[in-house]
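Student: Could you zoom in on one residue of this model and tell me what it touches? Then work outwards from there, chain by chain, so I can see how that spot fits into the rest.

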Amino acid sequence: MMAFISVNQVSFAYNGKSVLDQVSVAIPKGEILWVLGPNGSGKTTLLKLILGFYRPDAGTVLVNGCPVLNLPSRILARDIAYVPQVHHMAFSFRMLDVVMMGRIPHKPFFFRYSKEDEHLAESAMARLGIVHLKNRPYTAVSGGERQLCLIARALTQGARTFVMDEPVSGLDYGNQIRLLTIIQSLAQEGYTFIQTTHFPDHALWMDGQVLMLKNGKVVREGSAENAITRTSLSDLYHLDMDVTQTRSGIRVCVPDALTSQIKKKSRTDTSNDQTKEGRNRQSGFVLIKSKKGDKGKWGRDMSM
Amino acid sequence: MMKRFPVVLAISLLLAVASLGSLLLGRYPVSLDDMMNFTSWSFHGCPGGKEQEMGLLQNIFLDIRLPRIIGAVMVGSALSVSGTAFQSMFINPLVSPGLLGVLAGASFGAALGMVFFNSLLWVQILAFAFGCGAVSLSMVLARFNTGDRLLMLILGGIISGAFFTALLSIVKYLADPYNQLPAIVFWLMGGLSTLTNDLLIYLSLPILASMAALMTLTPYMNALSMGDEEARSLGVHVGLVRAVLISCATLMSALTVVMAGIIGWVGLVVPHIARMLIGPDNRILIPTSALIGALYLLLMDDLSRLVFTVEIPLGILTALCGIPFFVLVLKHARKGWG
Amino acid sequence: MTYNTRNRLRILPMTVLLSFFFLHGHSLARDIVDMAGRMVTVPEKIKKIYGTSPPATNLICAVAPEKLAGLNTPIRDAEKKFTDPILLKLPVVGGWFGQGQTPNMESLLAVHPDLILAWQSKQSMKNTDIEKVLKPLNAPLVFVVLDHVKDYPAVFRFMGMLLEEEKQTEALARYAEKTLSDMKSVRAAVPEKKRVTVYYAENDDGLSTECEGSMHAELIPLCSGVNVHTCMAKDGYGMDKVSMEQVILYDPQVIVTHSVPFYTGLFADKRWKSIRAVRDKRVYLIPREPMNWFDRPPSFMRLIGARWLAHNFYPDVYPWNADEETQAFYSLFLDRPLAKAELREIFEP
């Protein structure tokens with residue numbers, strides 16, 4: 001299966017400072033990719049390279065086999081939608097006006113929005129349960145509602161791939177979970193998600209593939225189940241971590257620093273760590289080695 | 001934010017009433033009867049009064065007041081529209097049409113014309129040329145650096161503006177202190193008194209064309225207000241759209257300088273008033289700004305020519321009335337730029 | 001200061017000077033009383049003199065151009081033709097006249113003035129301020145008082161005494177007195193009801209003007225015209241903006257202007273056509289070379305300007321021979337005899 005988006009050996013430096021170093025990843029359609037890493041590890045930069053905002057210093061980003069920088073933004077926008085972090089907007093546009101912007105890639109250069117555009121925008125909002133807010137100013141609703149508004153815009157855009165930068169950041173706990181549910185149901189419909197996150201738990205709960213970045217390099221990749229382990233997390237965040245399973249079978253990450261008093265050791269996860277390799281191939285997630293020197297077991301896995 | 005349609009309709013009506021009213025107002029006393037007589041005289045040829053009296057009325061209505069009214073409407077709307085476009089494009093409600101140096105460049109050009117050519121035509125040509133030149137310079141400067149395009153443009157504008165302001169000071173310094181210098185100083189204060197019908201016709205067409213072009217791009221202005229990257233991800237060709245927007249806005253501002261000198265604050269304050277009334281959606285905000293700007297400048301010009309036997313420079317009035325209003329707007333806009 | 005005391009002060013310098021001549025004979029320095037009433041010790045022979053502002057500098061040019069140390073402003077190209085060649089070679093050192101061109105002390109020192117002439121006026125800096133600023137030059141400072149056209153005879157005589165050019169200045173003073181007495185007879189000959197109303201159009205749009213009492217429009221009342229813009233001049237700057245309709249309301253019989261673009265465009269401009277002066281073709285362009293005859297800068301050129309203007313106001317009452325009078329004036333004041341062709345240049349735009 002050919003990857004829908006493939007990032008090949010991409011390096012990128014900003015003002016002479018290396019941000020990404022020979023990063024490769026391939027994302028097939030219908031996949032959820034979680035990009036994990038500490039602050040400044042290059043997560044957001046990777047997303048922006050995929051969206052064609054930056055020109056890589058080395059390597060290429062291909063969308064459907066075509067270099068993303070060669071694609072007119074109008075064409076790209078029909079395939080890939082960008083859902084930025086919830087931001088503060090300078091002007092208080094109506095929610096509906098924001099969502100309607102998603103129709104731009106489907107219009108000629110000079111255009112006016114039609115009734116149909118409005119209808120499409122409204123139905124996207126209805127789908128996410130925010131149609132009652134359509135006349136409210138974007139600046140006057142909650143963070144969760146704003147995030148939903150941006151997702152509604154992405155839906156209106158007609159793109160099947162959503163690139164999301166920390167979609168849950170700034171949301172309260174309930175809204176985080178509601179947002180994850182929405183992502184999950186869209187993923188089941190075949191939408192592709194590429195998102196950065198600071199919550200490895202979310203990747204564990206929802207499965208999907210994980211890419212761990214540290215100092216601009218890929219340190220680990222694979223299915224969430226396999227890649228998120230006590231050792232990989234401890235290494236990634238420079239923090240002793242524990243990954244443990246709840247009674248319901250869901251795995252969660254817990255920092256050691258907080259649990260050291262509670263002597264309740266579970267070592268099962270280390271064995272899990274070793275035995276799940278087989279699933280990798282079945283998942284259809286194609287791993288590409290991140291750099292020559294890093295020939296860990298995940299690196300060998302992807303040689304096709 | 002109010003209901004959009006009634007607001008726009010109300011402002012249009014106000015503008016129409018103000019325009020008609022301004023035709024009746026002036027230092028030279030003209031009554032409504034005079035106007036009726038003149039209308040019947042010019043349409044039916046019926047002499048409602050003496051021929052010479054009608055000639056004078058024609059002079060006052062058609063040659064003196066009408067060009068000023070149309071001029072005020074043009075300049076006010078052009079400045080407001082380019083201010084609104086700039087504010088949306090630069091995602092900054094504190095931006096005015098002079099951001100990229102167009103006013104500084106035009107001032108320098110005009111001063112240059114006054115000192116070295118001594119003809120009104122050259123003053124106008126040079127004002128226009130250097131206004132556009134200053135903006136080009138700021139765009140070239142922005143290209144020198146990588147990084148946030150918008151920020152680089154703003155910095156380029158600051159540099160270009162400062163450069164041309166310095167050049168203007170040099171010209172002022174070199175100017176003959178008896179005639180040229182006071183002429184430059186007064187010209188910089190702005191005013192519509194030099195406007196003639198011919199000039200108005202030449203200048204209105206490009207202003208109207210630019211305004212029309214900006215109107216067609218309003219959905220993109222909304223998208224650009226979300227930031228460059230977001231706009232691009234929405235399929236907007238950011239570079240192209242911004243270049244067109246800046247060109248049109250610059251053309252309009254430079255032409256207002258040619259018509260009326262430097263008139264500040266309109267391009268900053270009017271977009272705020274409009275946004276307060278009908279919200280930030282540029283599709284409706286741009287036309288509303290145009291209407292409010294026209295109305296605002298028309299009233300200011302009426303004040304300028306009515307209050308004293310001497311004319312108050314228009315630029316001073318727009319600033320004096322604009323500043324308190326702006327303070328008021330800021331007070332109401334605490335929650336965000338609505 | 002009242003009119004009388006000021007007049008007395010003007011006679012004082014002469015008497016003081018005379019008495020010093022008798023007492024000291026030929027010494028290296030002499031004491032004089034300047035027009036502001038200050039006792040000043042000046043060199044016996046003054047070689048270089050610097051004027052702090054154009055009115056002072058212009059006086060020196062008229063009396064003894066070869067003694068001028070430096071210019072306040074660059075000489076414009078159009079001006080050059082009618083300017084004494086001696087002046088063209090002088091350095092521009094700036095001056096104090098409310099504009100930006102404030103002199104550099106060192107360049108002032110470099111031209112070695114041994115006397116400084118300052119114009120005392122309500123508008124320029126206060127005497128003490130000027131004295132303070134000029135102290136480093138270590139040259140005596142002399143004030144002239146020149147607020148009105150009628151001050152010229154006294155000013156010229158004072159200058160002659162100061163620079164020991166009495167012969168030249170006596171002729172200038174006589175010319176000034178003749179102009180003043182001519183204007184007086186015009187005033188006597190034209191009854192108040194018959195006096196023309198005048199609008200002074202400044203700026204290229206013709207819509208700036210001066211109040212009737214303004215020093216910038218002093219010639220209008222002097223020549224028995226009635227300035228239509230009746231107001232009190234607030235400052236020396238002038239140039240009040242007026243609206244087109246205000247001018248139509250004023251409906252002047254005569255317009256005078258110094259702006260060539262305004263003058264040349266006026267008769268084609270529809271807005272101006274209903275004004276009486278335009279209908280009657282009584283719009284006069286002020287001769288401007290090498291200096292304006294009317295205003296900006298207010299200079300001794302006004303002595304001929306007044307005659308020209310009075311003639312234009314009342315051609316029947318005050319006839320004059322333009323060519324002859326102009327030639328005489330330029331020879332006398334500017335040391336610049338004019339050819340016939342040059343005369344045309346002066347009167348045409």
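Tutor: Let's start at A:V99, bearing in mind that this is a predicted model. Skip its neighbours within four places in sequence, and A:V99 is in contact with A:A121, A:A124, A:M125, A:C149, A:A152, A:R153 and A:T156. Zoom out a notch and A:V99 turns up in the largest nonpolar core, which has 182 residues. There it is listed with A:I50, A:V163, B:A127 and B:L255 as the members that touch the most other members. Notice that this list takes in residues of both chain A and chain B. The largest share of the core comes from helix α11 of chain B, residues 238-260, with 13 residues. A second core, separate from that one, has 100 residues, including C:I130, C:L163, C:V228 and C:F333.

Now for the chain that A:V99 sits in. Chain A comes to 13 helices and twelve strands. Of its 304 residues, 45% are buried. Take the contacts in chain A between residues at least 6 apart in sequence: 65% of them join residues at least 24 apart.

Next, the place where chain A meets chain B. Here 22 residues of chain B are in contact with 25 residues of chain A. On the chain B side, α9 (218-224) and α10 (228-233) each supply at least two residues. Of the elements there, α10(B) gives the most, with four residues. Sorted by class, that chain B side has eight nonpolar, ten polar and four charged residues.

What does chain B look like as a fold? You'll find 14 helices in chain B and zero strands, so the pattern along the sequence is simply α-α-α-α-α-α-α-α-α-α-α-α-α-α. Its radius of gyration is 21 Å, close to the 20 Å that the globule rule gives for 338 residues, so chain B is as compact as a globular protein of that length. Along the principal axes, its C-alpha atoms fill a box of roughly 70 × 55 × 35 Å. Buried residues come to 54% of the 338 in chain B. And of the contacts in chain B with a separation of 6 or more, 75% are between residues 24 or more positions apart.

Chain B also touches chain C, in a contact that takes 31 residues from chain B and 32 residues from chain C. The chain B elements giving two or more residues to this side are α3 (51-89), α6 (149-174) and α7 (180-189). The largest share, six residues, comes from α3(B). By class, the side of chain B that touches chain C has 14 nonpolar, eleven polar and six charged residues.

That brings us to chain C, whose domain assignment gives domain 1 (18-174) and domain 2 (191-347). The C-alpha centres of these two domains of chain C lie 29 Å apart. Their contact takes 16 residues from domain 1 of chain C and 17 residues from domain 2 of chain C. On the domain 1 side, the elements that give two or more residues are α2 (54-63), α3 (77-80) and α8 (166-189) of chain C. Of that side, α2(C) supplies the largest share, four residues. The class split there is nine nonpolar, four polar and three charged residues.

Two details in chain C deserve a stop. One is the hairpin of β1 (residues 29-33) and β2 (residues 39-43) of chain C, which pair in the antiparallel sense over five bridges. One bridge joins C:A29 to C:P43 in β2(C). Five residues lie between the strands of this hairpin, and C:G37 takes a positive phi near 85°.

The other is C:W293, in the loop between β11 (283-285) and α13 (302-313) of chain C. Is C:W293 buried or exposed? It has 24 C-beta neighbours inside 10 Å, so C:W293 counts as buried. Beyond its neighbours within four places in sequence, C:W293 is in contact with C:I286, C:P287, C:M301, C:R302, C:I304, C:G305 and C:W308. Between C:W293 and C:H258 there are 9.2 Å in space, C-alpha to C-alpha, while in sequence the two are 35 residues apart.

Methods. Residues are numbered from 1 along each chain as its sequence is written. Chains are lettered from A and ligands numbered from 1 in the order in which they are written. This is a predicted model: local features need pLDDT of at least 70, side-chain atom pairs count only at pLDDT 80 or more; totals for chains, interfaces and linings use all residues. The radius of gyration is taken over C-alpha atoms; the globule rule is 2.2 Å times the number of residues to the power 0.38. A residue is buried if 20 or more other C-beta atoms lie within 10 Å of its own, exposed if 12 or fewer, and partly exposed in between; C-beta atoms are placed from the backbone. Two residues are in contact if their C-beta atoms, placed from the backbone, lie within 7 Å. Domain bounds come from an automatic or database domain assignment. Ala, Val, Leu, Ile, Met, Phe, Trp, Tyr, Cys and Pro count as nonpolar, Asp, Glu, Lys and Arg as charged, and the others, Gly among them, as polar. A nonpolar core is a set of buried Ala, Val, Leu, Ile, Met, Phe, Trp, Tyr and Cys residues joined through C-beta atoms within 7 Å. Two strands pair if DSSP finds at least two bridges between them.
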